[in-house]
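Student: Please take one part of this model and go through it closely. I would like the sheet pairing and the packing around one strand, followed by whatever else can be placed relative to that.

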Amino acid sequence: MTMRYEQTDPTIRIFILHEEPEVIFGDGRWNEGPCYLPASRMFVWSDIPEDRLMRFDEISGTVCAFRTPSHHANGNTVDRQGRLITCEHGTRRVTRTEFDGTVHILADRFEGRRLNSPNDVIVKSDGSIWFSDPTYGIDSDYFGNLGESELGVASVYRLDPVTSTVEAVITSMIQPNGLAFSRDESRLLVVDSARTGGPHLPAHIRLFDLSSKGRPEDRGIVVEASAGLFDGIRLDDQDRIWAATGEGVHCYSFDGRLLGKILTGGPIINLCFGGPKRNILYMCGPREVLRVPVRARGQNTFLENGKAS
Ligand code: MG
């Protein structure tokens with residue numbers, strides 16, 4: 001692997017320049033959905049076409065399958081109680097793995113119609129579960145099961161933690177994909193990865209204001225992809241955006257100014273922070289899963305509205 005760092009703003013040190021990303025897994029077909037479970041020091045991700053969830057044990061440094069079949073799972077996250085939430089392309093649903101190991105269906109329909117193929121998922125401190133629902137998992141048998149969109153639109157949904165009601169909160173994007181809340185949860189970033197359908201289509205990160213009651217308010221594009229397209233994004237605890245791109249990882253300020261790049265020698269599809277200090281950047285490429293320590297800490301999603309509870 002040939003890799004290098006580009007530090008666009010030299011006053012902001014975000015990389016450890018002598019560190020090279022370490023390959024922790026090299027046998028994937030299409031790795032996505034990275035998620036770190038701090039209590040068990042376990043990094044979990046999805047190998048979508050191989051129909052398996054994988055896990056990396058941070059203590060022993062070993063990789064094994066975690067769940068197979070995974071129903072072509074894609075995005076994973078942990079909720080405030082540490083339970084695994086998973087987007088499944090194959091079954092077109094969002095599930096939660098309970099403490100006893102059973103898998104509970106959280107959402108598989110909106111207004112009576114089947115979802116397309118839930119892709120990425122995040123949990124707010126109020127317990128609500130927000131997920132994107134583009135069509136990638138029904139566009140082919142590779143990423144899921146070829147099928148029709150019953151909804152005819154790809155939206156971002158909010159699942160109410162009390163009533164289990166699913167509400168379409170963003171319906172204006174073409175292929176909504178990666179999601180991230182700002183640290184104070186007043187703003188939401190959403191990737192549109194529609195560029196997969198042609199060069200004229202969007203490949204950007206869009207900002208939504210959540211401060212008023214009702215639907216998120218569209219505040220426009222934060223940054224356009226300069227290398228391929230964006231898929232997964234994560235914020236660090238300074239609200240800097242770490243984005244997976246066609247040439248590796250880009251880091252931006254919250255208002256979209258490029259701070260630096262990790263050029264990994266190939267595309268990165270998705271990423272997340274892990275480790276006891278949340279300063280290990282885990283990166284999913286198509287074949288390889290990588291990790292590298294950085295001079296940043298991932299957002300602590302176990303805090304309430306950015307403050308310790
Ligand atoms: Mg995605």
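Tutor: Two strands count as paired if DSSP finds at least two bridges between them. The model is predicted, and the part to look at is strand E23 (248-252).

Start with the partner on the C-terminal side. E23 and E24 pair in the antiparallel sense, over five bridges. Within this pairing, Val249 stands opposite Ile262 in E24, and Gly248 stands opposite Leu263 in E24. The connection between E23 and E24 is a hairpin with five residues between the strands. Gly256, in that turn, has a positive phi of about 95°.

The other partner is E22. Five bridges join E22 to E23, and the two run antiparallel. One of the bridge pairs is Ala243 with His250, the latter in E23. A hairpin joins these strands too, E22 to E23, this one through two residues.

Both pairings belong to an open sheet of five strands in the order E1-E24-E23-E22-E21, with antiparallel pairing. Strand E1 (4-7) and strand E21 (233-235) stand at the edges with a single partner strand each, so one side of each has no neighbour in the sheet. Neighbouring strands of this sheet are turned against each other by 15° on average, direction ignored. As for burial, five of the five residues of E23 are buried, so E23 is largely enclosed by the rest of the structure.

The packing comes next. In soluble globular proteins, nonpolar side chains tend to be buried together. The largest nonpolar core here has 19 residues, and Trp242, Val249, Ile262, Leu281, Met283 and Val294 are those that touch the most other members. Two names on that list, Val249 and Ile262, are the residues that stand opposite each other across the E23 and E24 pairing. The elements that give two or more residues to the core are E22 (241-245), E23 (248-252), E24 (258-263), E25 (270-274), E26 (280-284) and E27 (289-293).

Leu281 shows how the core is joined up. Leaving aside neighbours within four places in sequence, Leu281 is in contact with Trp242, Val249, Ile262, Leu271, Cys272, Phe273, Leu290, Arg291, Val292 and Val294. Trp242, Val249, Ile262 and Val294 from this contact list also appear among the residues that touch the most other core members.

Cys272, one of the contacts of Leu281, leads to the cysteines. A search of the whole structure finds zero disulfides. For Cys35, which is in no disulfide, the nearest cysteine sulfur is that of Cys272, 6.5 Å away. For Cys284, also in no disulfide, the nearest cysteine sulfur is again that of Cys272, at 7.3 Å. The cut-off for a disulfide is a pair of sulfur atoms within 2.5 Å. Cys35 is buried, with a relative accessible area of 4%, and Cys284 is buried with a relative accessible area of 0%.

Outside this part there is a metal site. The magnesium ion has as protein donors Asn119 (OD1), Asn177 (OD1) and Asp231 (OD), lying 2.2 Å from it. Along the chain the donors follow the spacing N-x57-N-x53-D. The pair Asn119 and Asn177 links distant parts of the chain, 58 residues apart: Asn119 is in the loop between strand E12 (113-114) and strand E13 (121-123), and Asn177 is in strand E17 (residues 176-181). Asn119 and Asn177 are both buried.

A few loop residues can be added. Glu185 lies in the loop between E17 and E18 and has a positive phi of about 65° although it is not a glycine. Glu185 is buried, with a relative accessible area of 8%. Ala194 is in the loop between strand E18 (187-192) and strand E19 (204-209) and counts as buried at 3% relative accessibility. The C-alpha atoms of Ala194 and Ile174 are separated by 5.9 Å, with their positions 20 residues apart along the chain. Not counting residues up to four places away in sequence, Ala194 touches Tyr136, Ile174, Gln175, Leu201 and Pro202.

Two backbone details remain. Phi of Asp51 is near 60°, a positive value in a residue other than glycine, and Asp51 is found in the loop between strand E4 (42-47) and strand E5 (52-57). The peptide bond from Thr68 to Pro69 is cis, with omega near 0°, and Pro69 is in the loop between strand E6 (62-67) and strand E7 (73-78).

Key
Residues numbered from 1 in each chain as written. Predicted model: local features only at pLDDT ≥ 70, side-chain atom pairs only at ≥ 80, totals over all residues. Heavy atoms only, no water. Donors = N, O, S within 2.8 Å, 3.2 Å for Na, K, Ca; no water. Helix = DSSP H or I, 4+ residues; strand = E, 2+ residues; numbered from the N terminus. Buried < 20%, exposed > 50% of the residue type's maximum accessible area, 1.4 Å probe, protein only. Core = buried A, V, L, I, M, F, W, Y, C linked by side-chain atoms within 4.5 Å. Contact = heavy atoms within 4.5 Å. Axes fitted to C-alpha atoms, helices over the stretch in contact; angles between N-to-C directions.
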